[in-house]
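Colleague: Please pick one spot in this model and walk me through it closely, then zoom out to the rest of the chain. Keep it informal, but spell out the cut-offs as you go.

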Amino acid sequence: MCGIVGYVGPKQATPILLGGLRRLEYRGYDSAGVAVVGSRGAQVLRCRGKLAGLEAMVQREMPEGTLGIGHTRWATHGRPSEANAHPHKVGSVSVVHNGIIENYLPLRARLETSGRKFSSETDTEIVAHLIDESLLGGAPSLVEALRVALRQVHGAYALVAISDKHPGEIVAAKNASPLVLGLGKGETFLASDVPAILEHTREVVFLDEGDVVQVTADGATITDVEGKPRQRPARSIEWDAAAAEKGGYPHFMLKEIHEQPRAITDTLRGRLLLEDRDADLEGFEVDVRNLRRVLIIACGTSYHAGLVGKFMIEGTARVPVEVDLASEFRYRDPVVGAGDLVIAISQSGETADTLAAVKEARARGARVLAISNVVDSAIPRSSNGVLYTHAGPEIGVASTKCFTAQLAALSLIAIHLGRRTGKLAPDAAAKLVEELALTPTKMTEALEALGDMKQLAREYRYAKDFLFLGRGTNYPIALEGALKLKEISYIHAEGYAAGEMKHGPIALVDDGVPVVVLAPQGPGYEKVLSNLAEVRARNGEIIGVGTKGDQQLANLCDRVLSIPDAPALLQPFLTVLPLQLMSYAIAVAKGNDVDQPRNLAKSVTVE
Ligand code: AGP
């Protein structure tokens, strides 16, 4: 959580820091702040709430200086407030931090005993005290003072510090939270994520665990915590800053919903082998003779993609698949080991629970294949292999294009395993490969036909509760539809397996509860219609999602949202689209902040 940015060079730092923070605000927006070193040391400006508040402060009084650090916060230790906002300045030292210092309580007690006064409730302020203490104690340089501090703290951090006494340099450290170095001409940047600095430079270095960096306008020196030099290759980023902007849409989420056909095409490109009726996992080998089971671990929307993946992989490879929430898996003393293929799905590649689950699985002997959208993020780096989704940066907090891109990656794995276990016959493989290749076109068709859903949103925006029902591959989509609505519309919603309604949830149905029923034609269609009739008999208001031209469904529903026909395994690519659009339209109709819903952050790097 939290976004960090740093700059040193010839230009005024404040506008560069604010521009970077704007692109990082998806990581948290409980408070924002900058510290810019001018002639009288670092001037710190901080405010509670979104970046707009800080921007207004800067309008009134812009801190002058060509070196600075900035932060946008997702609160962990200490409530959202100005006092808890970063940067934290102690003596000459200002610090910003993303992560958690786990042993902050004993450290704080020790520092207080030695007479130090704290002005916030955060764990981060500890680090500023430790660096200041070390400088006052005679540390020969700022970077050495940082190393002294790092030897005392445990936890996850991307830390960036400056000191009034060392006006030309920034120091930083990374352990389990992302940090990227940007190398410009006569200027150097630090950021939690590439889009924050992309308008200034394309040359970046992804810092690795345990890296300690000393940054000046001329570049950076990377060492470990003992001061031993480390080499990290610079890489050139191909996508441009505009790719991370809204591209004419009012919100990132809407842009990202409409980018899905392209995201799927890019994710399948070069990997879906039409002629060979196969899929290439880019060198990741699976020994199917010794494959006992597939275990999928993920959180949130990625978990829902995993639930669809179970249908896909069991359907093609006939290998048992279990799907687990990463936050449960890691604390359960899980039965996992050699013979298990673990697939870890994470859009951000940084989710703390999924990362810990990956480490747990590997420690117990399983091989781990990551699916992620962020190159070189922690989860891919901690896995045996990775299949990247090529969705492009996803800025809206509610995941859309990364979800369907994850489905595309899972389809590739399913085809690959099915061919190697021999359970997916060549003809069936040919049909599936062909259908998958057609999916982006069908998604475009569906998005065009569904339109903006403004009318529907006007009717349902005052609903207090929603139910989503689906069977088979559409059960996970019912869960995903409910999650999307909760996240951005703040309407209570539940997803159920349609057959489970009669075992309890049907008691919730009355004329005030809209029920979204996923009923595309295919296996289970007749059964879903029966479940739908049960809801109708209790006066439920029904929104059906069905195959284009299905009159039978239309006769049973108050409204139908149509999608093109597709085989059951691939229907989720299409059935999720009306649910994403509907949640978006309702959130807009309610005047909610669609891209940055309350209490949420884009990547959840705390447990
Ligand atoms: C999705 O809309 C959510 N914001 C959230 O559930 C997310 O999918 C979850 O936190 C997992 O994130 P990851 O894919 O980056 O690991």
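**A close look at Thr124 and beyond**

Modeller: Leaving out residues up to four places away in sequence, Thr124 touches His86, His88, Val95 and His97, where touching, or contact, means heavy atoms within 4.5 Å. Before going on, the ground rules: this is a predicted model, where local features need pLDDT of at least 70, side-chain atom pairs count only at pLDDT 80 or more, and totals for chains, interfaces and linings use all residues. Residues are numbered from 1 along each chain as its sequence is written, and side-chain values use heavy atoms, with hydrogens and water left out.

Back to Thr124, which sits in helix H4 (residues 124-136). Helices here are DSSP runs of H or I with at least four residues, strands are runs of E with at least two, and both are numbered from the N terminus. Thr124 has a relative accessible area of 1%, so it is buried; the cut-offs are under 20% for buried, over 50% for exposed and partly exposed in between, with a 1.4 Å probe and protein chains only. For a long-range reference, Val335 is 211 residues away along the chain, and its C-alpha lies 37 Å from that of Thr124.

One of the partners of Thr124, His86, has a backbone quirk of its own. The peptide bond joining His86 and Pro87 is cis, with omega at about 0°. Pro87 falls in the loop between strand S4 (67-73) and strand S5 (88-90). For context, most peptide bonds are trans, and most residues other than glycine have a negative phi.

That second habit has two departures worth a look. Glu282 is not a glycine, yet its phi is positive at about 50°. Glu282 is in the loop between strand S16 (278-279) and strand S17 (293-298), and its relative accessible area of 47% makes it partly exposed. Tyr490, also not a glycine, has a positive phi near 60°. The loop that holds Tyr490 runs between helix H15 (475-489) and strand S23 (492-497), and with 25% relative accessibility Tyr490 counts as partly exposed.

Now Ser31, in strand S2 (residues 31-38). Ser31 is buried, at 1% relative accessibility. Neighbours within four places aside, the contacts of Ser31 are Cys47, Arg48, Gly49, His71, Thr72, Arg73, Ser81 and Ala85. Pro440 is 409 residues from Ser31 along the chain, and their C-alpha atoms are 39 Å apart.

Glu55 belongs to helix H2 (residues 51-60) and is partly exposed at 25% relative accessibility. Once residues up to four places away are set aside, Glu55 touches Leu18 and Arg22. With Arg22, the C-alpha to C-alpha distance is 9.8 Å across 33 residues of sequence.

Thr301 is in helix H8 (residues 300-317) and is buried, its relative accessible area being 10%. Not counting neighbours within four places, Thr301 makes contact with Ser399, Phe403, Gln406, Glu480, Leu483 and Lys484.

Zooming out, the protein chain contains 18 helices and 26 strands. An automatic or database domain assignment supplies the domain bounds, and it divides the chain into domain 1 (3-240) and domain 2 (451-594). The C-alpha centres of domain 1 and domain 2 are 45 Å apart.

As for overall dimensions, the C-alpha trace spans about 80 × 55 × 45 Å along its principal axes. The radius of gyration is 25 Å, which agrees with the value near 25 Å for a compact globule of 607 residues; that rule is 2.2 Å times the number of residues to the power 0.38, with the radius taken over C-alpha atoms. Of the 607 residues, 61% are buried. Among contacts with a separation of 6 or more, 71% link residues 24 or more positions apart.

Finally, surface and charge. The accessible surface totals about 22600 Å², with 50% of it on carbon and sulfur atoms, as given by the Shrake-Rupley method with a 1.4 Å probe. There are 66 positive and 73 negative side chains, and the centres of the two sets are 1 Å apart. Lys and Arg count as positive, Asp and Glu as negative, while His and the chain ends are not counted; each charge is placed at NZ of Lys, CZ of Arg, CG of Asp or CD of Glu.
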